[in-house]
Amino acid sequence: MLLFSTCVLMVFLTLLSSPVAGEELFEVRMRPERPVVEAGKDLWINCSTNCTNPHKGGIETRNINVTVQKEGTHWKVFHLSNFSQNTNIFCYFICSNIQKKKSVNVIVYRPPEQVTLSLQPAWVIVGKNFTLTCHVPNVVPLENLTLTLLQGTEKLYRQTFVTVSTALQDAWLALNITARREDNKSNFSCHAELDLRPYSEQLFFASSEPRMLEIFEPSWNNQMLVTIIITILLLLVFVISVCLCFAYGQHWRQHRTGGYGVLAAWRNYRIRCS
């Protein structure tokens with residue numbers, strides 16, 4: 001029984017150590033495992049295998065420029081460029097006519113380099129609305145972007161985005177606010193944050209130039225009161241003048257009509273008498 005067990009163990013070790021058995025168990029590895037690259041920049045991918053004598057190895061992708069940078073017996077370093085959006089990359093090796101692949105998804109990003117804030121209107125009456133509009137052009141991935149509208153250091157509104165597009169996009173955020181007396185001379189700004197920490201340790205920040213709001217509150221001062229009184233008096237004089245002119249015109253018309261009637265009666269009387 002002991003002899004039989006020893007023979008089985010030797011056969012198993014022999015099969016395990018044979019080239020065919022070892023090559024059937026080979027693996028393909030890629031470094032980095034979670035690659036992140038800025039749009040338009042370059043990336044280096046290391047493909048390797050534990051196969052001692054691979055027949056062939058390479059990388060597969062679309063719309064990306066690929067060149068072999070360095071290589072050894074069981075590893076290759078590839079230089080990739082022309083990234084514009086997220087891309088799947090496959091690394092493969094062939095060992096004893098067996099092909100195996102390993103894939104990674106390259107995350108393409110562009111940080112928020114330009115953040116602008118518009119304030120419309122720049123001055124407003126108390127109780128009326130004004131609008132804050134924040135704009136960040138050409139940023140990706142949008143789902144990792146957060147925009148925050150600030151009044152001084154106070155956070156007014158915070159928004160994250162949801163998108164399925166991997167191409168460069170513009171981010172917009174608008175907020176309507178009712179003007180208060182205490183908002184006068186307040187500085188408003190927009191803060192952008194691109195958080196790539198789900199994929200890497202990178203975190204990008206950018207802020208807009210501050211915009212100041214001016215509040216206008218109407219007040220009844222003496223000068224305005226005098227102006228209103230004078231305007232009302234002038235209107236009264238005008239109305240009275242129109243009324244007097246109308247009354248005088250009617251009286252003059254009636255006077256002329258009455259004179260012509262007496263003259264006509266006198267003529268009729270003379271005709272009858274003669």
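Two strands count as paired when DSSP finds at least two bridges between them. Keep that in mind as you move around this predicted model.

**Stop 1: the whole chain**

Start with everything shown as a cartoon. The chain holds three helices and 17 strands. Of its 274 residues, 31% count as buried. Now think about who touches whom: among contacts between residues at least 6 apart in sequence, 62% join residues at least 24 apart.

**Stop 2: a sheet of four strands**

Select strands E2, E4, E7 and E8. They make an open sheet in the order E2-E8-E7-E4, and the pairing is mixed. Which strands stand at the edges? They are E2 (36-38) and E4 (56-60); each has a single partner strand, so one side of each is left without a neighbour in the sheet. Look along the sheet and compare the directions of neighbouring strands: on average they are turned by 25 degrees against each other, direction ignored.

Next, colour residues 87-95, which are strand E7, and residues 98-109, which are strand E8. How many bridges join E7 to E8? There are nine, and the two strands run antiparallel. For one pair to click on, try Thr 87, which stands opposite Val 106 in E8. While you have side chains switched on, here is a handy general rule: in a regular strand they alternate between the two faces of the sheet.

Stay here for one more residue. Asn 97 sits in the loop between E7 and E8. Is Asn 97 buried or exposed? With a relative accessibility of 76%, Asn 97 counts as exposed, because the cut-off for that class is over 50%. Its backbone deserves a look too: phi is positive, about 65 degrees, although Asn 97 is not a glycine. For comparison, most residues other than glycine have a negative phi.

**Stop 3: the loop after E4 and the largest pocket**

Move to the loop between E4 and E5, where you will find Asn 63. Asn 63 also has a positive phi, about 60 degrees, and is not a glycine. Its relative accessible area is 70%, so Asn 63 is exposed.

Asn 63 helps to line the largest pocket too. To see the pocket lining, select Thr 61, Arg 62, Asn 63, Ile 64, Asn 82, Phe 83, Ser 84, Gln 85, Asn 86, Thr 87, Asn 88 and Phe 90. You have met Thr 87 already, as the residue opposite Val 106. The pocket has a volume of about 220 Å³. What kinds of residue make up the lining? Three are nonpolar, eight are polar and one is charged.

**Stop 4: the hairpin of E5 and E6**

Now pick residues 65-71 for strand E5 and residues 75-81 for strand E6. The two run antiparallel and are joined by six bridges. A hairpin through three residues leads from E5 to E6. To see one opposite pair, click on Val 66 in E5 and then on Leu 80 in E6.

Then select Ser 81, which lies in strand E6. Is Ser 81 buried or exposed? Its relative accessible area is 13%, which is under the 20% cut-off, so Ser 81 counts as buried. Leaving aside its neighbours within four places in sequence, Ser 81 is in contact with Lys 41, Asp 42, Ile 64 and Asn 65. Of these contacts, Ile 64 is one of the residues that line the largest pocket.

**Stop 5: a sheet of three strands**

Select E9, E11 and E14. These three strands form an open sheet in the order E9-E11-E14, with antiparallel pairing. E9 (116-120) and E14 (169-178) stand at the edges; each has a single partner strand, so one side of each lacks a neighbour in the sheet. Here neighbouring strands are turned by 15 degrees against each other on average, direction ignored.

Zoom in on strand E11, residues 129-139, which pairs with E14 over nine bridges. Click on Cys 134 and look for its bridge partner in E14: that is Leu 173.

**Stop 6: two cis peptide bonds**

Finish with the backbone. In general, most peptide bonds are trans. The bond from Arg 31 to Pro 32 is cis, with omega near 0 degrees. Find Pro 32 in the loop between strand E1 (28-31) and E2. Another cis bond joins Gln 120 and Pro 121, with omega about -10 degrees. Pro 121 lies in the loop between E9 and strand E10 (123-125).

Notes
Residues numbered from 1 in each chain as written. Predicted model: local features only at pLDDT ≥ 70, side-chain atom pairs only at ≥ 80, totals over all residues. Heavy atoms only, no water. Axes fitted to C-alpha atoms, helices over the stretch in contact; angles between N-to-C directions. 1 Å grid on protein atoms, 1.4 Å probe; cavity = no way out; pocket = protein on both sides within 12 Å on 5 of 7 lines; lining within 4 Å. Points joined across faces, edges and corners; volume = space filled by probe spheres on them. Nonpolar A, V, L, I, M, F, W, Y, C, P; charged D, E, K, R; others polar. Buried < 20%, exposed > 50% of the residue type's maximum accessible area, 1.4 Å probe, protein only. Contact = heavy atoms within 4.5 Å.
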